[in-house]
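Colleague: I should like to learn how to read the features of a model in order. Please give the general idea first and then the case at hand.

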Amino acid sequence: MVTILPARPEHAAAILAIQKRAFEAEAMLCRERDIPPLTETLDSVIAQIAVAQVLVAVEDGRVAGSIRGTLADGTCSIERLSVDLGFQGHGLGSALLDALERSLPEAARFELLTNQAMEGNVRFYVRHGYRVVDTLVHSDRITLVRMGKEVVA
Ligand SMILES: CC(C)(COP(=O)(O)OP(=O)(O)OC[C@H]1O[C@@H](n2cnc3c(N)ncnc32)[C@H](O)[C@@H]1OP(=O)(O)O)[C@@H](O)C(=O)NCCC(=O)NCCS
């Protein structure tokens, strides 16, 4: 039984640990460990819980995934969608994304950056109605895909 709820400060350590495990595959694929999900600190996650829309998926009392959205001028920037190893591929990521979108009815647009090398991620967001906007060369190892979705009234 999965419940999605707003994150509280006591969830921060689990959120960070899951995020680091989940983004390890990306770091390995790109041979680049200097990426924000891996370098973020516990204090930063606690601070984000206070100012952003951070949701956690809790399964049988244990945090299994999380997502973060920051709303500015009607646009919600999505970051750090992470599902713990062993829970991936069972709909949790989809449920977190849907819950974030539903939790911010004032957002006219959702957008995110994802690593081009993670092809499954781009497919995942396309299936959820996101379209590729453009690509940004972040470094010689990382190209980011910007994706967006307009909210249809
Ligand atoms: C991407 C991620 C959030 C998806 O969550 P999930 O719970 O595994 O996804 P769902 O079960 O709702 O949907 C499955 C789809 O997600 C995509 N996907 C991406 N990475 C995946 C993974 N490691 N395992 C399973 N599915 C994955 C696939 O497209 C899959 O569709 P398919 O079955 O047609 O291949 C999750 O796999 C994850 O945490 N990955 C590592 C961190 C990351 O890359 N986050 C996204 C940053 S933009």
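Colleague: How much area does the protein expose, and what share of it do carbon and sulfur atoms supply?

Modeller: This is a predicted model, in which local features need pLDDT of at least 70 and side-chain atom pairs count only at pLDDT 80 or more, while totals for chains, interfaces and linings use all residues. Residues are numbered from 1 along each chain as its sequence is written, and side-chain values use heavy atoms, with hydrogens and water left out. Accessible areas come from the Shrake-Rupley method with a 1.4 Å probe, and for residues only the protein chains shown count as cover. Here the protein exposes about 8300 Å², of which carbon and sulfur atoms supply 54%.

Colleague: Which pattern do the helices and strands follow along the sequence?

Modeller: Both are DSSP runs numbered from the N terminus: helices are H or I with at least four residues, strands E with at least two. The protein has six helices and seven strands, in the order β-α-α-α-α-β-β-β-α-β-α-β-β. Its radius of gyration, taken over C-alpha atoms, is 15 Å, close to the 15 Å that the globule rule (2.2 Å times the number of residues to the power 0.38) gives for 153 residues, so the protein is as compact as a globular protein of that length. The C-alpha trace spans about 40 × 40 × 30 Å along its principal axes.

Colleague: Is Gln19 buried or exposed?

Modeller: Buried means under 20% relative accessible area, exposed over 50%, and partly exposed in between (1.4 Å probe, protein chains only). Gln19 lies in helix α1, residues 12-22, and counts as buried because its relative accessibility is 0%. Of the 153 residues of the protein, 43% count as buried.

Colleague: Which residues does Gln19 touch?

Modeller: Contact means heavy atoms within 4.5 Å. Leaving aside residues up to four places away in sequence, Gln19 touches Pro36, Pro37, Glu40, Arg68, Arg80 and Ser82. For the protein, residues 24 or more positions apart account for 60% of the contacts with a separation of 6 or more.

Colleague: What is the phi of Asp60, and where does Asp60 lie?

Modeller: Most residues other than glycine have a negative phi. Asp60 has a positive phi, near 50°, and lies in the loop between β2 (53-59) and β3 (62-72). Asp60 is exposed, because its relative accessible area is 66%.

Colleague: Where does Asp73 lie?

Modeller: Asp73 lies in the loop between β3 and β4 (75-83). The phi of Asp73 is positive, near 50°, and Asp73 counts as exposed at 82% relative accessibility.
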